[in-house]
Structure formats: C-alpha cells, structure tokens
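Visitor: Could you take me closely through the enclosed spaces inside this protein, and tell me what surrounds them?

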Amino acid sequence: MPPASPSRSRLVGQPLLYAISVFASLGVFLFGYDQGVMSGVITGPYFRKYFNEPTALEVGTMVAVLEIGAFITSLAAGRVGDSLGRRGTLFSGAVVFAIGGAIQTFTTGFWVMVVGRIISGLGVGLLSTIVPIYQSEISPPDHRGALACMEFTGNIFGYASSVWIDYFCSFIESDLSWRIPLFIQCVIGAILALGSLVMPESPRWLIDVDRDDEGMRVIADLHGGDPEDLVAKAEFQEIKDRVIYERESGEGRTYAVMWKRYKKRVLLAMSSQAFAQLNGINVISYYAPRVFEEAGWIGRDAILMTGINAIIYILSTLPPWYLVDRWGRRFILLTGAVVMAISLGLTGWWMYIDVPETPKAVVFCVIIFNAAFGYSWGPIPWLYPPEILPLTVRAKGVSLSTATNWAFNFLVGEMTPVLQELIEWRLYPMHGFFCVCSFILVYFLYPETKGVPLEEMDAVFGEEELEERLEEEESERASLVSRRSSRSRRSARLPGASGQGLVSRLLGRTDGRASYEPIRDGDE
C-alpha cells in the first residue's frame, strides 16, 4: 500500500505515456512550424518590400539556411544527448530555438534574418535528433510505432498551423503580417523549455549512466506506479542486462566503433532520412505557395490552397497511428513511394501541357502527394533509426541520420527556387524518380522491425554482427601473437578466422535475416 500513495499525486501508466508523447510532440510541432512559416511569409508584399524584392537565391538562402544550423547540432546531439540526457537536450534545444525566433522577429535586414534562421536551426537540430530517441526509449514495443506516428502528426500540425497563421496575417496591412508569424516561434519554444523541466528522463539513459533507482522509478511509473510490478522489474532487468553485456563485451561508444560494427544499420538510418527529402516533400512544404502560383493560383489564393493542402496533410498522418504496428514499416514505405512517384509525375505533366485545367489538377496532385508522404515517408524515417540502433550508439547513430536529413533538407530548400526557374516542370518528375529509387532500396534492404523490443533488435539483423565481433577478436589476438615471432604469426593465420568470415558473409544472406522470433522466457 505505501508505494502506491505517491503515485496518486502524479501521472502513471497509460496517461503518463500519452502525456509524454503529446508533450514530446510539441518539440516536433516546433520544427514543423518553422519549416512551414517561411512558405507564406516569402510571398507577402510587405516582406518582399522590406527585403527589397529578394532574388530567388536570397529567398532560398533565407529559407534553407536554417538547415545549416540544424545540421551542425544534429551531429553534436549524439554527444550532447549522452552527456546531458534526453530531457536536458530537449530543454537546451527549446531555449536556443526561442532565441533564434526572437532575432528573426526583430530583424533589421537580410543578414540579421540569416543569423536568426541559423540560430533557430541550432535548436531544431537538437530537438529533431533527441525527440525520436526519447520517444522510442519511453515507448513499449507494441505501441512504439503508433506513438512515433502521433509525434509526426504533431510535426505536420505545426506546419499546418504556420500556413494558416500566415494566411490570416496576410490581411494585416503592415510589416506585422510577417513579424507575428515569426514571433510565435518564441512562444512555442518557451512553452517546450518549461515543460521539459517536468517530464521524466528516459529510463534507458538513466540505467546506462548507473542511476538505476531513478530508472526503475520511471519504468514503474510507466507501468502503473507500483515499484513491485513484475513486468516493470522484468523490463528493468532486461535493460540492465543489456547495458552490462555491452560493457563486458568492451563495445565502444565512439563514432569510429559505431561505423565499424554497425555500418549497415547506420547507412539504413541515413538513407531513410535522405530519401525523405529527395522524394520531394520540401519542394511543397517550403514553397507550396510558389508551386501553386506557378500553376496559376495568385497571391493570397496560393496561400489559401496551401492551407487546404495542409489540413489534408494532417489527416493523412492519422491512419499510421493504427496501421504502423499492424502492417509494418516496409509495406507503408513501399506503398507511399509508389503513390508519391505517380503524383509527382502527373504534377510535372499538367504543368508541361499548361491547359485551363492545370491549376486545379496541380492542387489535386500535390494534395495526393502530401497525403502519401504524411502516411509513409513522413513518420517512418523518424521512427526507424532509433529502433534499429543499439543503446550504446543510439544517440550518435540517430544524430548522423538526422544530420543527413538536414543536409538534404538544405540542398532541396536552397536549390528549389533556382530549379523552378531553370528546369520548370521537370523538377517534379525528377523527384518522382527518387521515389522510385527509395522503393527499390526499401524492397531489397530494409528489414521489418514491427513489434521487436529494442534490446532484441540484433535478431532482426541475423547473426552477421556476432560473427564479425568474433572475427575481430580473433584477428586482434592474432596480431598480438604476430609481434612475438613470424612462426606464431603463421600458426595464428592457419585456422583462417577471416576466411570463414568471408564465406559466412557470402552465404549468410540466405538465413532469413528479417524473420524475427521474440525471445521467450524458456529460451534463456
């Protein structure tokens, strides 16, 4: 009885889990808002007048320079997340973001705006890296996908909110028409910073840094508040055993060790984020009003069409809440890539033929594209990397995948205004081609992770990693022996550990790497 009484004064169980998910979603709401806010601002007459009719390159720089800051801190977020913890990194990212938003709001010219966008990007880089890690480490395996998809819905809700705020502020006949949308960034950042102070820390991070009592308390709260709960104790022990195993095996935590031992997983994580951008979403997110103006919608009508598109975009993110832990990650990514490729191809075709029906047809194609992205390549690349990477290198691996997102985000954001002028309608089928490439990549290389506990993710990737570790240990022992005499070096090489590894790598792909079977109690 006594242990139960403290839990009455705080959220526990499912209410706590969903409260954490909703609040963590504010972090992705924030950078969703920041991605969308410039799309309506850059077409406003007062904005263009204030910045002396900026060129396409200047517009692209003001929009895309945010990704430079995000790229820098997303690389650093791995170390920051491991040292400050997940919650401390959330707080730091929110504060930095709010400062950048204030500089943008009170900008006095082009270069001050650029500085403000870079500083906001520094905050976005921390948040976009740490929120998916935090969410995956808090969530139970059978709900992990759904909660991550709810989080992405928060991102798109942020984007949609920025579009509609841009639209309503466009009726203001002064510079406030673009300063108010930028100021709202500061408000959101401040709310997130304050909220992060009362959110619980990730139990996996707490256990990893030997704060076991605190980690057990968080796990118990997530399971209903009873510290004697058998399921909570079993989860704690599984995480602790994994941490001890990784320490005793001498598994390093550097980027070099991560790349050497988990290269395949890191490349898969990075590719998911790269194709999320190459598939064309930010052509629409950053420049939707310009796309619609190109198709024939002018001025405020273009922002209105963007707002309608954003509402449907939000709705498209809802089905994965239910489907991602039932259909799995692979099926959703594959079907999304097909629909997106067709939609982008048709968008380019309608712009090419340029008939009276083109404006409405382009709006329809863009809406279908956004809906397909919101259902597939929007949420899954944020869910997949923290799932497939082990705890020892999770923060660093996710930081690399997120940095990949922002690098390609910058590339697309910077080049889109220029390419819209240079290659015109051909821009859209070009991104459609990348959708086809992403389909091929997922079909042949991405394993399914639906329902797999994070501590058992090695089973999804087969036995190759274990063999490689044994080979490395044997080769290290052989190299030590080789320093003593040439005879011992020859005898060390005769067993041929490296030869066996080559054969196993050549033949080991036939062992059904993706056929995961959960570990049962009797198997231990």
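**The cavities and their linings**

Guide: In this predicted model, the lining of the largest cavity draws at least two residues from each of α2 (13–41), α7 (144–169), α13 (263–278), α14 (281–285) and α21 (394–422). Among these helices, α7 gives the most to that lining, with 4 residues. The cavity itself has a volume of about 170 Å³, and of the 19 residues that line it, Gln-35, Phe-152, Asn-155, Gln-277 and Phe-373 are the closest to its centre. By class, the lining of the largest cavity comprises 11 nonpolar and 8 polar residues, with no charged residue.

A search of the whole structure finds 4 cavities of 30 Å³ or more, and the second largest of them has a volume of about 70 Å³. Its lining consists of 13 residues, and those that lie nearest the centre of this second largest cavity are Arg-242, Pro-390, Leu-391, Leu-454 and Glu-455. Both α11 (230–248) and α20 (380–388) supply at least two residues of this lining. Here the lining of the second largest cavity divides into 6 nonpolar and 7 charged residues, with no polar residue, whereas the lining of the largest cavity has 8 polar and no charged residues.

Technical notes: Residues numbered from 1 in each chain as written. Predicted model: local features only at pLDDT ≥ 70, side-chain atom pairs only at ≥ 80, totals over all residues. Heavy atoms only, no water. 1 Å grid on protein atoms, 1.4 Å probe; cavity = no way out; pocket = protein on both sides within 12 Å on 5 of 7 lines; lining within 4 Å. Points joined across faces, edges and corners; volume = space filled by probe spheres on them. Nonpolar A, V, L, I, M, F, W, Y, C, P; charged D, E, K, R; others polar.
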